[in-house]
Amino acid sequence: MSFSLESFQLGDIITGKIIKLEPTGVLVDFYTDQLAYVPLLELSLNEIQSPEEALQLNEIREFLVVGNYDGEHSIFLSHCSPETLKDSDRLYETAFYLASEKCGHPISREDLIVHTKIRDVHGNGVSATIQWFLCSLEHPPTVSFSIRKLEIRKAWERIRQLQTEDVTVYGKILKKTSRGALVKIEGLYSSIRTYVDKQREELVVGEELPLNIIKVREEDNYLVLLHHSVSVRLRQLQVGQVVSGIIRSIKNYGVFVDIGDLYALLPTSKMFHPSVDHPNQFFKINDHLKAKIIKIDPENGQVVLESCGS
């Protein structure tokens, strides 16, 4: 069951009382003329099998007012000036043109609803997403209600705060991936970034790890973490610094060197013998190596080296 757009504003947080628990959802009294039905999927950020796992009868809860439209589309603008955002007519015309092009035929202005959301603020202006929704007299725009989406919004707010304060968080490994592992932080699925072999070899499913948040991109549902020890080690390093380590892995594109808590990559192109067919012509596992740091990538937990001696 959904309500007309005039009754509520999209994005509002409203309070409702749980009137009835059903196997597939709940009835909620938002103090309007009719009760609202909220399905099981929208009752919790966690996976639940019944409403009783998340709610109690007569409980007062907050819900997020969300859209329930047909034909949602969007376009991402990476560089949008404040003047452009203020010019709502210009944004509307952009969405109107794109919507008509998408549908392959002209669209009535009355059948189009446009929303603009600022994603990021930077030196060149702002990044924004323009969303448009198609509706008609036969299918008027409606709204529905969600605890899950409200919890997701609050989870991202906590994640951004934890990143700003550089708080160490703890996550249990759910599964290994080709680039590291999958964990849950604040109820959100997150990736532990380990391009290097050392950390991935040591990861154990079910193990809880101390982690630092290094990349947050809510619009893409993208959250990346590093093992705390790797994050600490990266901060101790500087470009131009000479480090010593032990070769732990040899690939055709270079060798991975254990420099303490992480592996650094010495690419074939940065060796004294860049024309070699394979690094194993000059290096062996457990060889000691001294090299200079030429790149540090904290977001990916990567350190790149170049040879500084024979």
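Biologist: What phi does Asp166 take just after helix 3?
Modeller: Asp166 has a positive phi of about 55 degrees. Helices here are DSSP runs (H or I, at least four residues), strands are E runs of at least two, and both are numbered from the N terminus. This is a predicted model, where local features need pLDDT of at least 70, side-chain atom pairs count only at pLDDT 80 or more, and totals for chains, interfaces and linings use all residues. Residues are numbered from 1 along each chain as its sequence is written, and side-chain values use heavy atoms, with hydrogens and water left out.

Biologist: How far apart are the end C-alpha atoms of helix 3?
Modeller: They are 26 Å apart. That agrees with the 26 Å its 18 residues should span at 1.5 Å a residue (1.5 Å times one less than the number of residues).

Biologist: And which residues of helix 3 are buried?
Modeller: Ile147, Leu150, Ala155, Trp156, Ile159 and Leu162. Buried means under 20% relative accessible area, exposed over 50%, and partly exposed in between (1.4 Å probe, protein chains only).

Biologist: New topic: where is Lys215 found?
Modeller: Lys215 sits in strand 14, which covers residues 208-217.

Biologist: Is Lys215 buried or exposed?
Modeller: Lys215 counts as buried because its relative accessible area is 16%.

Biologist: OK, what does Lys215 touch?
Modeller: Leaving out residues up to four places away in sequence, Lys215 touches Gln163, Tyr222, Leu223, Val224, Glu299 and Asn300 (contact means heavy atoms within 4.5 Å).

Biologist: How many residues apart in sequence are Lys215 and Gln163?
Modeller: They are 52 residues apart in sequence, and their C-alpha atoms are 8.4 Å apart in space.
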